[in-house]
Amino acid sequence: DCTAALTGKMKALLVVLVAALCVAGASARSYALDEPQDIYPGCFCVVEWNDDNRVGDWLVADNWLQLEEPHATAFVNASGDNTITLRETRQVNNLLLGENRWDTTRLVLEGDLIISYDDQPEIASVSAVKEVTGTILLEIQGKGFGFDSDSISVEVTELLEDDSAVLDNDGNTYTVTYECEEPTLKYRDAKIDCTIAPIRAMPYQMSVVVHANGKTSQPMQVARFAQ
């Protein structure tokens with residue numbers, strides 16, 4: 001078994017963002033997503049441990065103030081002098097243990113369970129806003145973008161023809177590619193803002209790829225364009 005005892009000296013380790021508590025085994029979709037790459041639907045759902053239960057099992061709904069076990073999209077908080085035992089695979093969006101310096105919160109992971117982070121970037125949606133300067137601000141939402149803005153790069157490909165794709169001599173679609181400037185994390189590892197200066201004032205169609213954590217997302221087309 002593995003016991004994580006968190007004290008004031010270990011506050012740097014308190015926040016595990018988009019934590020996946022991973023081990024081989026069966027899992028219910030409500031509490032552990034079928035695929036690690038699944039994106040949470042944007043629900044800001046906080047679930048808190050009930051301090052009346054000093055020692056208890058993660059899987060027991062009555063141990064949580066909301067009287068439900070945290071699901072895969074939950075933001076989970078536990079503090080105080082509590083010992084929580086987890087025996088099965090679970091995934092949560094955010095896990096915060098012992099946020100106060102006087103807390104002695106412990107998370108006991110039984111068997112081969114470990115805490116890990118799903119670092120495969122995946123884009124859920126992309127929106128674009130044209131700014132007064134003529135540049136276009138891209139807002140990219142998804143997951144697995146990491147925690148260092150300087151290590152992220154965003155590639156934007158624009159289709160140049162409005163009515164139909166222009167083909168080059170080899171029969172390929174004629175496109176232009178931009179490196180999105182100043183990619184910046186805006187919400188933990190789930191949102192990136194960056195800008196491009198397009199050739200045309202109103203790009204017809206754009207697709208976006210994120211490079212983060214040494215990995216590359218699948219391309220996603222811009223779904224919304226606001227002026």
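**Exercise 1. Strand β7 and its partners**

How many bridges join strand β5 (residues 55–57) to β7, and do the two run parallel or antiparallel? Work out the surroundings of β7 in this predicted model, and state which way its side chains point.

*Solution.* Begin with the pairing on one side: β5 and β7 are joined by 3 bridges, and they run parallel. Within this pairing, I84 of β7 has G56 opposite to it. Next take strand β10 (residues 106–109), which also pairs with β7 in the parallel sense, here over 4 bridges. The bridge partner of I84 in β10 is L107, so that I84 is bridged both to G56 and to L107.

Now turn to the side chains. In a regular strand, side chains alternate between the two faces of the sheet. In β7, which covers residues 83–86, T83 and T85 point one way, while I84 and L86 point the other way. The four residues are all buried.

**Exercise 2. The surroundings of V76**

Determine whether V76 is buried or exposed, and list the residues that V76 touches beyond its sequence neighbours.

*Solution.* First locate the residue: V76 belongs to strand β6, which spans residues 74–78. Its relative accessible area is 1%, and because buried means under 20%, V76 counts as buried. Then examine the contacts: leaving out residues up to four places away in sequence, V76 touches V47, W58, W64, P70, V92, N94, L95 and L96. One of these, V92, can be placed further, since V76 and V92 are separated by 16 residues in sequence and by 7.3 Å from C-alpha to C-alpha.

**Exercise 3. The nonpolar cores**

Identify the residues with the most contacts inside the largest nonpolar core, and find which strand gives the largest share of this core.

*Solution.* The largest nonpolar core consists of 23 residues, and those with the most contacts inside it are L138, I140, V154, V156, V208 and V210. At least two residues of this core are supplied by each of β12 (122–130), β13 (136–143), β14 (153–159), β15 (175–179), β17 (191–196) and β18 (205–212). The largest share, 4 residues, comes from β18. Apart from this core lies another, made of 15 residues that include W58, A74, A78 and L113.

To see the packing from one residue, take V156: when neighbours within four places in sequence are set aside, V156 is in contact with L138, V176, T177, Y178, C180, I196, M206, S207 and V208.

**Exercise 4. The pairings of β18**

Trace the strands that pair with β18, and describe the turn of the hairpin that β18 forms with β19.

*Solution.* Step one is β14, which runs antiparallel to β18 and is joined to it by 7 bridges; here E155 stands opposite V209. Step two is strand β20 (residues 220–221), paired with β18 in the antiparallel sense over 2 bridges, with M220 opposite V208. Step three is strand β19 (residues 215–216), where the pairing with β18 is antiparallel and again rests on 2 bridges, and where K215 stands opposite A212. Between β18 and β19 the hairpin leaves 2 residues, and N213 in the turn has a positive phi of about 60°.

**Exercise 5. The disulfide**

Which cysteines form a disulfide, and why does the pair tie together separate parts of the chain?

*Solution.* A search of the whole structure yields 1 disulfide. The partners are C180 and C194, with 2.1 Å between their sulfur atoms, and the link is right-handed, with 95° about the S-S bond. C180 lies in the loop between β15 and β16 (181–185) whereas C194 lies in strand β17, so the pair ties together parts that are 14 residues apart in sequence. Both C180 and C194 are buried.

**Exercise 6. The chain as a whole and the confidence of the model**

Summarise the make-up of the protein chain, and point out where pLDDT stays under 50.

*Solution.* The chain contains 0 helices and 21 strands, and 42% of its 227 residues count as buried. Among contacts with a separation of 6 or more, 64% are between residues 24 or more positions apart. The accessible surface is about 11,900 Å², and 49% of it belongs to carbon and sulfur atoms.

For confidence, the mean pLDDT is 78, and 74% of the residues reach 70 or more. Over residues 1–30 pLDDT stays under 50, and the model has 79 contacts beyond four places in sequence for them. Residues 32–38 also stay under 50, with 18 such contacts.

Conventions
Residues numbered from 1 in each chain as written. Predicted model: local features only at pLDDT ≥ 70, side-chain atom pairs only at ≥ 80, totals over all residues. Heavy atoms only, no water. Core = buried A, V, L, I, M, F, W, Y, C linked by side-chain atoms within 4.5 Å. Buried < 20%, exposed > 50% of the residue type's maximum accessible area, 1.4 Å probe, protein only. Contact = heavy atoms within 4.5 Å. Areas by Shrake-Rupley, 256 points an atom, 1.4 Å probe, with all protein chains shown as cover. Disulfide = S-S within 2.5 Å. pLDDT = per-residue confidence, 0-100. Pairing = 2+ DSSP bridges.
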